[in-house]
Amino acid sequence: MDLGHVPANHRTSPVRPGSGASARAGSAQHPPRVTSGPTLLIGLAKCGIAGCGCGMTIRTGKGGRYRYYTCNARTNRGATSCRCPSVRAEQLDELVMTELADRLFAEHELVPLLQQVLDTSSEARLRKQQEVEQCEERLATARSRLANLHDAIENGTVSSRDPDIAGRIKQRRTEIDALNTMARTLRQQIDVGPTRITPAAVARFGTIVRKRLLHGDGPTRQNIARAFIRTVTVGPNITITGDPQSLAHGAAAVARSKGVVPSFDREWCPIDHKDGHSNHWVIWAPLSK
Ligand SMILES: [Zn+2]
C-alpha cells in the first residue's frame, strides 16, 4: 500500500470560502469504524494524479477481506500506468464523512459559507417587496380611475352605451386583474422562496446532516455524499469539492420542512453540477494512515 506521503499534522487550508482559519484536527475525534455498507464515493472519487484524472472503482484485496478505491487507469492498463495510491474504502469513506461533518456542516463553518446566499436572498426579497408595493400603487390608481368612470355614468356625465366609455371600463378591469395576479405571484415568491433560510435554519440543517454523516447507516451517508459532494480527488492529499448552491437548497428544504426532517438527494437540486461553477467550496485533507 502506498499511503501517507504527508505527515498527519500537515493539515492544509480549511473550508473556502469560509469563516477563516480553523486549526481543528477534525477526524481525530471520530475513530474509523468498519462498515460493510455501500461504497459511498463511487461516481464522486477520481484520481488526482496530474495527467490522469480517471474515475475510481472498487477492487477487493487481501483475499476479499478489504475493499479499495483504485484508479481506473491502474485497473484497466496495469499498476504502472498511474501512481495514484489505492485507498482502503473504509478509510476514504470515513475520512470524507468526518471532514464534511467537522469542516463543512459544523455551524461555525456553514453559516459564513451560506452568508452569501442569505445576503443575496434578503436582497432579492427586498426587490420583490418593492415590486409588490409598486404593483399595489398601480392597482390603487387603476381602481380609482374605474371608480371615476362609474361615477361619471351615475352622474349622467357620460353614457355607459358610449363604446369609448365601455372600452375604457373593460381596459381598467383587465389591468386590475393583471396587477392582482402579479401581486399574488410576487407575494407567493416572497413566502416560499429561499429567502426564509434564516441562520437558525442553517444551524438546524448542519445538525441534521452532521448526525447522518457520523451516525447514519450506509445508504443514509451515501445520500448525503451524493447530494452535497461534487468531487473527491484522491492523491497524496484528498480534495473534496461541492457547490454552495446545493447547501442552500438543503438549508431551504430544512427551513420549509417545519419539524419534519427532510431527505436530501440530488433530485431537489435542479442545478447541473457538471457545469463549472466557479464558486465552490473546497476541503483539503492529507491522506494518512
Ligand atoms: Zn490515475
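These legends accompany close-up views of a predicted model.

**View 1. Four cysteines hold the zinc ion.**
Let's start at the metal, where the sulfur (SG) atoms of C47, C52, C71 and C82 coordinate the zinc ion at 2.3 Å. If you want to find these donors in the sequence, look for the spacing C-x4-C-x18-C-x10-C. The angles between the 4 donor atoms run from 100 to 121 degrees, so the arrangement around the zinc ion is tetrahedral. For comparison, the ideal angle for four tetrahedral donors is 109.5 degrees. Two of the ligands are worth a look for their surroundings. C47 counts as buried because its relative accessibility is 2%, under the 20% cut-off. C52, at 24% relative accessibility, counts as partly exposed.

**View 2. E90 pairs with R67.**
Here we turn to charged side chains, beginning with a salt bridge between E90 and R67, with N to O at 4.0 Å. E90 belongs to helix α2 (residues 89-103) and R67 to strand β3 (residues 66-71), so this pair ties together parts that are 23 residues apart in sequence. The relative accessible area of E90 is 12%, so E90 is buried. A search of the whole structure finds 7 salt bridges, and the next two views show further examples.

**View 3. R221 reaches E94 and a backbone oxygen.**
In this view R221 makes a salt bridge with E94, and their closest N and O atoms are 3.2 Å apart. The pair links distant parts of the chain, since R221 sits in helix α6 (residues 218-228) and E94 in helix α2, 127 residues apart. Are these two partners buried or exposed? R221 counts as buried at 3% relative accessibility, and E94 counts as buried at 7%. While you are here, look at L213 too: its backbone oxygen lies 2.8 Å from a polar atom of the R221 side chain.

**View 4. R172 and E175 pair within one helix.**
This salt bridge brings R172 and E175 together, with their closest N and O atoms 2.9 Å apart. Both residues lie in helix α4 (residues 163-192), 3 residues apart, which is about one turn of the helix. R172 counts as buried because its relative accessibility is 17%, whereas E175, at 27%, counts as partly exposed. Elsewhere, salt bridges that share partners join R67, R88 and E90 into one network, so you may like to return to View 2 with R88 in mind.

**View 5. F205 and its neighbours in the largest nonpolar core.**
Our last stop is the nonpolar interior. The largest nonpolar core has 51 residues, and those with the most contacts inside it are L41, F105, F205 and L247. Helix α2 contributes the largest share of this core, with 7 residues. Which residues does F205 touch, leaving aside its neighbours within four places in sequence? Its contacts are F105, L110, F228, L247, G250, A251, V254 and F264. Apart from this core lies another one of 10 residues, among them C135, A142, L146 and A183.

Conventions: Residues numbered from 1 in each chain as written. Predicted model: local features only at pLDDT ≥ 70, side-chain atom pairs only at ≥ 80, totals over all residues. Heavy atoms only, no water. Donors = N, O, S within 2.8 Å, 3.2 Å for Na, K, Ca; no water. Tetrahedral: all angles 85-135°; square planar, octahedral: opposite > 155°, others 65-115°. Buried < 20%, exposed > 50% of the residue type's maximum accessible area, 1.4 Å probe, protein only. Helix = DSSP H or I, 4+ residues; strand = E, 2+ residues; numbered from the N terminus. Core = buried A, V, L, I, M, F, W, Y, C linked by side-chain atoms within 4.5 Å. Contact = heavy atoms within 4.5 Å. Polar contact = N/O pair within 3.5 Å; in protein donor to acceptor, adjacent residues only side chain to side chain.
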